[in-house]
Amino acid sequence: MPAKFAGLSVKDGGTCYLDAVNAVAIGDGPFLIKSGSPVSLAGWAVADLKAGRLGSAVGVQLHAATPYFIAAESYVRPGLGAALKSPALEGGGFKLDATPLNVPAGDYRVLFLIQSDHDLLRCDTGRTLRVQ
């Protein structure tokens, strides 16, 4: 787990959406990546949609029998606040710049991690990454 999340209590929560993998809009089914190849992710993630709260740090968990963690970044995503009906959420853009994915072959559920105070919220994107 990235050092910035050390000591946080892990809970399922937050609201998130994965829009694109390697700058390509995702469809239904798993998206394929070769082990060792770079992967980039784009979407959005917020700690509390109803309260209009962002998180203070974000990351990715590739969830499987052995989970893998990658630090990510949040950014101001124009139009996101309007789409989520809360201007305070404009900074909920989520991105993972091209990062080599050195994990064993298999299927990984993509979870976005959002720090909210002393909690680390795991938000299930509903998407699966298939590493070959």
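## A tour from strand β11

Start by selecting Leu111: its bridge partner in β11 is Asp124. The model on the screen is predicted.

**The β10 and β11 hairpin.** Extend the selection to both strands, β10 (residues 106–116) and β11 (residues 119–131). β10 and β11 pair in the antiparallel sense, over 11 bridges. Now go to the turn of this hairpin, where 2 residues lie between the strands. Asp117 there takes a positive phi near 55°.

**Other partners of β11.** Select β1 (residues 9–12), which runs parallel to β11 and is joined to it by 4 bridges. For one residue to look at, pick Ser9, which stands opposite Asp119 in β11. Next select β4 (residues 31–33), also parallel to β11, with 3 bridges between them. Here Phe31 has Leu129 of β11 as its bridge partner.

**The disulfide.** Stay on β11 and show the side chain of Cys123. Which residue forms a disulfide with Cys123? The partner is Cys16, and the two sulfur atoms are 2.2 Å apart. The torsion about the S-S bond is about -95°, so the disulfide is left-handed. Cys16 sits in strand β2 and Cys123 in strand β11, so the link spans 107 residues of the chain. Both ends count as buried: Cys16 has a relative accessibility of 12%, and Cys123 has 5%.

**The aromatic pairs.** There are 2 aromatic pairs to find in the structure. For one of them, select Tyr68 and Tyr108, whose ring centres are 6.0 Å apart; their planes meet at 70°, so this pair is edge-to-face. Tyr68 belongs to strand β7 (residues 68–71) and Tyr108 to β10, so the pair ties together parts that are 40 residues apart in sequence. Is each ring buried or exposed? Tyr68 is partly exposed, at 26% relative accessible area, whereas Tyr108 is buried, at 4%.

For the other pair, select Phe94 and Phe112, which are stacked, with 3.7 Å from centre to centre and 15° between the planes. Phe94 comes from strand β9 (residues 93–100) and Phe112 from β10, so this pair joins parts that are 18 residues apart in sequence. Phe94 is buried, at 0% relative accessibility, and Phe112 is buried with a relative accessible area of 0%.

**A charge over a ring.** Select Lys95 and Tyr75. The charged end of Lys95 sits over the ring of Tyr75, 5.7 Å from the ring centre.

**The nonpolar core.** Phe112 leads on to the next stop, since it is among the residues with the most contacts inside the largest nonpolar core. That core has 27 residues, and Leu41, Val60, Leu101, Val110 and Leu129 are listed with Phe112 for the most contacts. Colour the strands to see where the core residues come from: β2 (15–21), β4, β5 (38–46), β6 (58–63), β9, β10 and β11 each supply at least two.

**Last stop, Val60.** Which residues does Val60 touch, leaving out those up to four places away in sequence? Among them are Leu41, Val110, Leu111 and Leu113. Two residues seen in the aromatic pairs, Phe94 and Phe112, also touch Val60, as does Tyr68. The list further includes Phe69, Ile70, Ala72 and Leu96. Leu111, where the tour began with its partner Asp124, is thus back in view.

Methods. Residues numbered from 1 in each chain as written. Predicted model: local features only at pLDDT ≥ 70, side-chain atom pairs only at ≥ 80, totals over all residues. Heavy atoms only, no water. Phe/Tyr/Trp six-rings, centres within 6.5 Å; stacked < 30°, edge-to-face > 60°. Buried < 20%, exposed > 50% of the residue type's maximum accessible area, 1.4 Å probe, protein only. Lys NZ or Arg CZ within 6 Å of the ring centre and 35° of its normal. Pairing = 2+ DSSP bridges. Core = buried A, V, L, I, M, F, W, Y, C linked by side-chain atoms within 4.5 Å. Contact = heavy atoms within 4.5 Å. Disulfide = S-S within 2.5 Å.
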